[in-house]
Amino acid sequence: MLTAFIKRISLGLLAFLLTGFFVRAQSFRVSVAPGLGQQGGAATNAGEAVANGVLQGRLLLLLADNNKREPRFQINDAAGTQLVFGVDEDRWGAGESKVVGVNAFGYPLERLQDVPAGDYWVQVVLNKYEDFHLQTGVTVQLPPDMGEGQHWNEKPGNIYSTPVKIHFDPATTGEISIVIDKVIPAIAAPQDSKYIKHIRIQSKLLTAFWGRPMYIGAHVLLPEGFDEHPNVKYPLAIFHGHFPADFDDWRTTPPDENLPYDTSVRFRIANYAKIEQRENYNFYKEWTGPGFPRVIAIEIEHANPYYDDSYAVNSANLGPYGDAITYELIPEIERRFRGIGQGWARFTYGGSTGGW
């Protein structure tokens, strides 16, 4: 019995050692450049967070087999996506470094240890989280929207490293050092024009739910003749889609004849960019033409810590976005831009989120 016991122990130890051998691989040690907080603006805020020991979020390691673009812009849900691996970091303080190890969870490969040996361009991004003390009594750590529509790779205030070329080999050990030395800058607010205006308000309902100031807004397309007829009031067309940087599908100039030829992979349509420009310009001509209905059209901005839009409904997780849009934002838009302000003079349209 003793011999059998020793044999079982020996086999178990051998299996443990073999398992440890096969998961040994290069890891990445990430640090923050000491002068990061001295660059001003969003960089200062990030540097102060590091110095105060309050930096937290999802640390993303990005590997690309080419340098056509930064690795952070090559992660997508298409077949040609590059590699991303992530670990959560909490209370990252000044002078500390963090490790993205062999068991880091990733996409499209499950673990860092699964990456084939080869040359890669590597980059790290910290998608910063903040504490939200909800009205429900729960505190959650989430990435606030910073005007970019929940795109971690271009979110203002997120910190990242300059891409560098490395050789990665999962069959070897050791650490590859990566230094975070950049901060994503703030996004310039869209500018008002003759036809397109912008509105952003603090929602009392959402502020109460999230325990901090929360904002919603819209891009407003005014009808032809709005300035010339100051006493006229208009119906409201509410377009629902996903996060719009500005009013979509609108172009006041003819298509660019020098636009490079392209093909839309998603829609399998050739010369897609020029087609888009042409249709957007046609919409402008129809909107301002003599026979087009005179209405106000809006696209709502309601990005939140979870997604690029709220689905425009009340939710136990997101809070009262439906009420905030219906009873706070829309009445304020109609007040500022001479909407009729009655249910019969409002209608919705859209796609994706707006499809239902």
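**Salt bridges and aromatic pairs in a predicted model**

Me: How far apart, N to O, are the side chains of Arg91 and Asp131 in their salt bridge?

Reply: The side chains of Arg91 and Asp131 meet in a salt bridge, meaning a side-chain nitrogen of Lys or Arg within 4 Å of a carboxyl oxygen of Asp or Glu. This is a predicted model, in which local features need pLDDT of at least 70 and side-chain atom pairs count only at pLDDT 80 or more, while totals for chains, interfaces and linings use all residues. Residues are numbered from 1 along each chain as its sequence is written, and side-chain values use heavy atoms, with hydrogens and water left out. The N to O value for Arg91 and Asp131 is 2.9 Å.

Me: Which strands does the pair of Arg91 and Asp131 tie together?

Reply: Strands (E, at least two residues) and helices (H or I, at least four) are DSSP runs numbered from the N terminus. The two parts are 40 residues apart in sequence. Arg91 lies in strand 3 (residues 83-92) and Asp131 in strand 7 (residues 130-133), so the pair ties together strand 3 and strand 7.

Me: Is Arg212 buried, partly exposed or exposed?

Reply: Glu130 forms a salt bridge with Arg212, with the closest N and O atoms 2.8 Å apart. Glu130 is in strand 7, and Arg212 is in the loop between helix 3 (204-210) and strand 13 (215-221). Buried means under 20% relative accessible area, exposed over 50%, and partly exposed in between (1.4 Å probe, protein chains only). At 22% relative accessibility, Arg212 counts as partly exposed.

Me: What kind of aromatic pair do Phe28 and Phe168 form?

Reply: Rings of Phe, Tyr and Trp (its six-membered ring) pair if their centres lie within 6.5 Å; planes under 30 degrees apart count as stacked, over 60 as edge-to-face and the rest as tilted. Phe28 and Phe168 are 5.9 Å apart centre to centre, with 10° between the planes. Phe28 lies in strand 1 (residues 27-32) and Phe168 in strand 10 (residues 164-168), so the pair ties together parts 140 residues apart in sequence. Both residues are buried, and the pair is stacked.

Me: What is the angle between the planes of Phe209 and Trp210?

Reply: Phe209 is buried, with a relative accessible area of 7%, and Trp210 is buried at 0%. Phe209 and Trp210 form an edge-to-face pair, 5.5 Å centre to centre. The angle between the planes of Phe209 and Trp210 is 80°.
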